[in-house]
Amino acid sequence: MEQQLQAVSGAAAQQSPEQQADAEAGQAYFDRAMAADSRIEPRDWMPDAYRRTLVRQISQHAHSEIIGMQPEANWITRAPSLKRKAILMAKVQDEAGHGLYLYSAAETLGTSRDEMMGQLVAGKARYSSIFNYPTVTWADMGAIGWMVDGAAICNQVPLCRASFGPYGRAMVRVCKEESFHQRQGFEILLELANGTPAQKQMAQDAVNRWYAPSLMMFGPPDDDSPNSKQSMAWNIKRFSNDELRSRFVGMMAEQVKVLGLSLPDAEIRFNEETKKWEHGALDWDEFKEVLAGRGPCNAQRMERRREAHEGGAWVREAATAYAAKMAAKNEVAA
Ligand SMILES: [Fe+2]
Ligand SMILES: [Fe+2]
C-alpha cells in the first residue's frame with residue numbers, strides 16, 4: 001500500500017506525464033477539501049509533508065498513550081482499596097486501547113506498527129514529556145487524572161475535527177474515555193481533600209507537582225512553535241498552544257475551588273480585555289531538558305518499554321502462528 005500511495009503523492013521529480021497529471025489533480029482535490037474543511041481519507045491523494053506530519057503526530061500520540069500507562073501502573077498493586085484498584089486497572093487498560101486506535105490510524109498512512117514501535121524502543125521517537133515525571137504518592141493518581149487527562153481533553157476535543165478521517169474518528173472515542181479518566185482523578189482528589197489534614201496535604205502536594213508539567217503539555221509558546229502554523233493550515237490543529245493552555249487554566253481555576261485546594265500560581269487571572277485566562281511564567285528550560293531525555297524518569301520509562309516489548313515477543317509470535325493456522329484451516333474449508 002505504501003508504494004502505491006507514494007506513487008501518486010510523490011514529488012514531481014521523475015514522474016511520467018500521467019503521474020504528474022494525477023498529482024496535479026490530487027493537489028487540486030486536496031486544496032478544495034482544505035478550503036471546504038472536509039475530510040481526507042487514507043486512499044485520497046495528499047501532499048507528502050501532510051502524510052509525514054500526520055505519521056509523526058499520530059505515532060507520537062500513540063507512544064504517549066503506551067508510555068503513559070507506566071506512571072499509573074506503578075500504583076495498581078498499591079491502590080488503597082479493591083474499588084480503587086479496579087478503577088485504576090480499567091483506566092490503564094483504556095490508555096493501551098488509545099494507543100491501539102492511534103497506531104491503527106497511523107498505519108492507514110502506510111507506516112507499519114512494527115516500524116513505529118521500532119522507533120520508540122530505539123529511542124528515536126518522542127512521546128509526551130509529562131510521563132517522564134515520577135508518581136510518588138497515591139494522590140498523584142488523582143492529580144494525573146484531573147490535570148494530565150484534563151489537559152489531554154483540551155488538546156484532543158478539537159482533534160475530533162482533524163482533517164484526516166481516521167485520526168478524527170479515533171479521537172471521538174478517546175475523548176469519551178478521557179472524560180471518565182478526568183472525573184475519576186477529580187474524585188480521588190476530592191476524597192483526599194475532605195479527608196484527614198495529612199490526606200489533604202498529600203492532595204495539595206500532588207497538585208503542586210503536576211501543575212506546571214500539565215500546562216507544558218500544550219507545547220511551547222506560540223512564538224516558539226514553528227510547525228503550528230502549517231498544522232493549522234491543514235486543519236489538523238484548530239487552536240494555538242497558548243490558546244488551549246489559557247482555556248485549560250480557566251477550567252482548572254474554577255474546578256480547584258470545588259476541591260478546596262489551590263493551584264501553585266499566584267498570577268492566574270482572567271484578563272477582562274483579552275477575555276483570556278493568564279498564568280505565571282513556566283520553566284521552558286526544564287521542558288527542553290526533559291524533552292532531550294534528561295527528565296527524572298526518561299531512562300526508566302524507556303527501559304520498561306523495551307523489557308515489555310522483548311517480553312511480549314512470544315505473544316506476538318504465538319498470535320501470528322495462530323492466525324496463520326486459522327487462515328489455512330479456513331482455506332481448506334472453503
Ligand atoms: Fe488516553
Ligand atoms: Fe486518559
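Four donors count as tetrahedral if all their angles lie between 85 and 135 degrees; four count as square planar if opposite donors are over 155 degrees apart and all others between 65 and 115; anything else is irregular. The structure discussed here is a predicted model.

Q: Is the site of the iron ion (ligand 2) regular or irregular?
A: The angles among its four donor atoms run from 83 to 161°. A tetrahedral site would need all angles between 85 and 135 degrees, and a square planar one would need those other than the opposite pairs to lie between 65 and 115. By these criteria the site of the iron ion (ligand 2) is irregular.

Q: Which residues are the protein donors of the iron ion (ligand 2)?
A: The donor residues follow the sequence spacing E-x53-D-x28-E-x2-H. Their donor atoms lie 2.0 to 2.2 Å from the ion. The residues are Glu95 (OE), Asp149 (OD), Glu178 (OE) and His181 (ND1).

Q: Which residue coordinates both the iron ion (ligand 2) and the iron ion (ligand 1)?
A: The two ions are 3.4 Å apart. The residue that coordinates both of them is Glu95.

Q: How many residues apart are Glu95 and His181?
A: Glu95 belongs to helix H5 (residues 82-107), whereas His181 belongs to helix H8 (residues 165-193). The pair thus links distant parts of the chain, with a separation of 86 residues.

Q: Is His181 buried or exposed?
A: A residue counts as buried when its relative accessible area is under 20%. His181 has a relative accessible area of 0%, and Glu95 has 5%. Because its value falls under the limit, His181 is buried.

Q: Which radius of gyration does the protein chain have?
A: The protein chain has 334 residues, and a compact globule of that length would have a radius near 20 Å. The C-alpha trace spans about 75 × 60 × 35 Å along its principal axes. The radius of gyration agrees with the globule value, at 22 Å.

Q: How many helices and strands are there in the protein chain?
A: Helix H2 (residues 17-35), which holds Met34, is one of the helices. In total, the protein chain has 14 helices and two strands.

Q: How far apart in space are Met34 and Asn235?
A: Met34 counts as buried, at 12% relative accessibility. Leaving aside neighbours within four places in sequence, its contacts include Trp234 and Asn235. Met34 and Asn235 are 201 residues apart in sequence, yet their C-alpha to C-alpha distance is 6.9 Å.

Note on methods: Residues are numbered from 1 along each chain as its sequence is written. Chains are lettered from A and ligands numbered from 1 in the order in which they are written. This is a predicted model: local features need pLDDT of at least 70, side-chain atom pairs count only at pLDDT 80 or more; totals for chains, interfaces and linings use all residues. Side-chain values use heavy atoms; hydrogens and water are left out. Donors are N, O and S atoms within 2.8 Å of the metal (3.2 Å for Na, K and Ca); water is not among the atoms, so sites may look incomplete. Four donors count as tetrahedral if all angles lie between 85 and 135 degrees; four count as square planar and six as octahedral if opposite donors are over 155 degrees apart and all others between 65 and 115; anything else is irregular. Helices (H or I, at least four residues) and strands (E, at least two) are DSSP runs, numbered from the N terminus. Buried means under 20% relative accessible area, exposed over 50%, partly exposed in between (1.4 Å probe, protein chains only). The radius of gyration is taken over C-alpha atoms; the globule rule is 2.2 Å times the number of residues to the power 0.38. Contact means heavy atoms within 4.5 Å.
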